[in-house]
Every structure is written in C-alpha cells, then in structure tokens.
Amino acid sequence: MTELFDSLARTGNRPMLARSLYFWHQILGEACGAEPLLRRMAGEIIRMPVGADIAEQHVDVRSVPDGFDIQEAALPGADALFAYVSEPGLRLVVSSQKDGAGRVCRRLRVCRADGSPFLRHGPERFMLRYRLDPAIIRARDILVLQLTLETGPQATGLPPLHPWIEIHHGGDRHYVETIETSAGMLGNGEAIRLAAFAPSALAEATSGMQERLGLYFYLELTGEIIDVNLMGETLIT
C-alpha cells in the first residue's frame, strides 16, 4: 500500500490522495498505513491565541437576538460571527493542550457567564470566517478534512464544524455548500470526516461575475452543546 500511496502523492492530486487514504483506512484499518499520512494532511485552520496553551482564552458574544454580532480578527486569521443570540453573557472559550503523544488538541466551547456549557435552545449560530485566495476558484475538487477527539465509539456524519464557502459580489452574497460528508474513526479515539464540494462548484457559482469577488470559508460550530476537540482540519484543493 505504501508504494500505491507514494504513486498517488507524486501525481500532485491531493483531493484524490485524501479520498484514497480515507477509504483504504476505513476498509483495511491501521494495517494499510494510511493513518499517519492522513494525520500529516490535516493542518490547522483554526489557530489559538497566544497563551491558549497555558490558560483559557475567550471571545465575548454580544446579545443580538435579531441579527449578527461580527467580530473581526477575533482569533488569529479568523473573524467570529455570532447570530440570533438572545442570552447575555455567552463566551466562545478556546484552549489548547498536548495529549500523551505530544499532539496538540485545540478545544472550542460556548459557555454561559458562570462557565457552564450553553445549551442551544433556539436559532443561535456560532461561526468562524476565513478569507480565501481567489485562485481557489480554479480548483476542480475542494475537500475539507477534519480530525476530532470523540467521546463515543462511532463518529456521526454531522461534522462539529460545518463548512461552506460564501461569495461576495456587487453587494450580494452567494453560498456554496458541501454535497456529501463521510465519517469514520481514525484511531486513538479520533474521528475523521471528509466533506466534499461539487466538482468545479466555485467556478460555476462565480461564472459571469465581472466585479471583484470576496471569497470566505466558514466553519460553523454545530451541536446542542458546543464542545469541539480539534486534532486537525484542512482545506484540500
């Protein structure tokens, strides 16, 4: 299998390599040798503030029941967007620590003012936004790879960070969603999820747009209780 993976890597087609590694691992498990390669492919889109490896950091969530609270550069390289939040005193709490193997685990939670977990009870939304290089429009295949620590024996199909791409054009906004998500367990209590956009989705969505475009990648924190433990995430083109 190692020779096959090496051959795929030499083609430079990273989406095909990621799909192949994922499916071989789900079929054959650790024996196929795909796990360390998948870990190396998973980078860090969400970066923690300085000091998050020592003490928890937080972003205050302003209460805007009928609209959006947009906080630019709330995290390194990322804007935070909170929407339809009616409860005052909420915070996005971020921290980082190493596990027994020396791997960095980044944790994102939404907590109440007293530090207890926030239970989503309405239309509240919590999102991180990243600006994309316009060159990504030319990519035929775009995948999102996520590695997370899980408490259960199986990974659910719904990713704890739901990805999509937003296009700003002439005062309008257009949205490109993923069309499928595959989920499984990687090993050591980690779940792996691979989400795919439709082939050439961005090229088709921006066809005919002549004005300068703004492209943004979103990761929305999902679940009734938001508590995500990230081992790696990356956008693959």
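Phe 23 turns out to be partly exposed, with a relative accessible area of 42%. The model looked at here is a predicted one. Right next door in the numbering, Tyr 22 is a different story: its relative accessibility is just 3%, so this residue counts as buried, the cut-off being under 20%. The two rings make an aromatic pair of the edge-to-face kind, with 5.0 Å from centre to centre and 80° between the planes. That angle earns the edge-to-face label because anything over 60 degrees does.

Looking across the whole structure, a search picks up five aromatic pairs, and the one made by Tyr 22 and Phe 23 has just been described. Phenylalanines also gather elsewhere: Phe 82, Phe 118 and Phe 126 make up one aromatic cluster. Rings can have charged company too. Arg 129 sits over the face of Tyr 216, and the distance to the ring centre is 5.0 Å.

On to Ala 191, which belongs to strand E10, a stretch covering residues 190-197. With a relative accessible area of 0%, Ala 191 is buried. What does Ala 191 touch, once residues up to four places away in sequence are set aside? The list runs to Gln 146, Leu 147, Thr 148, Glu 150, Ala 155, Gly 184, Met 185 and Leu 186. Take Leu 147 from that list: Ala 191 and Leu 147 are 44 residues apart in sequence, yet in space their C-alpha atoms are 5.6 Å apart.

Conventions
Residues numbered from 1 in each chain as written. Predicted model: local features only at pLDDT ≥ 70, side-chain atom pairs only at ≥ 80, totals over all residues. Heavy atoms only, no water. Phe/Tyr/Trp six-rings, centres within 6.5 Å; stacked < 30°, edge-to-face > 60°. Buried < 20%, exposed > 50% of the residue type's maximum accessible area, 1.4 Å probe, protein only. Lys NZ or Arg CZ within 6 Å of the ring centre and 35° of its normal. Helix = DSSP H or I, 4+ residues; strand = E, 2+ residues; numbered from the N terminus. Contact = heavy atoms within 4.5 Å.
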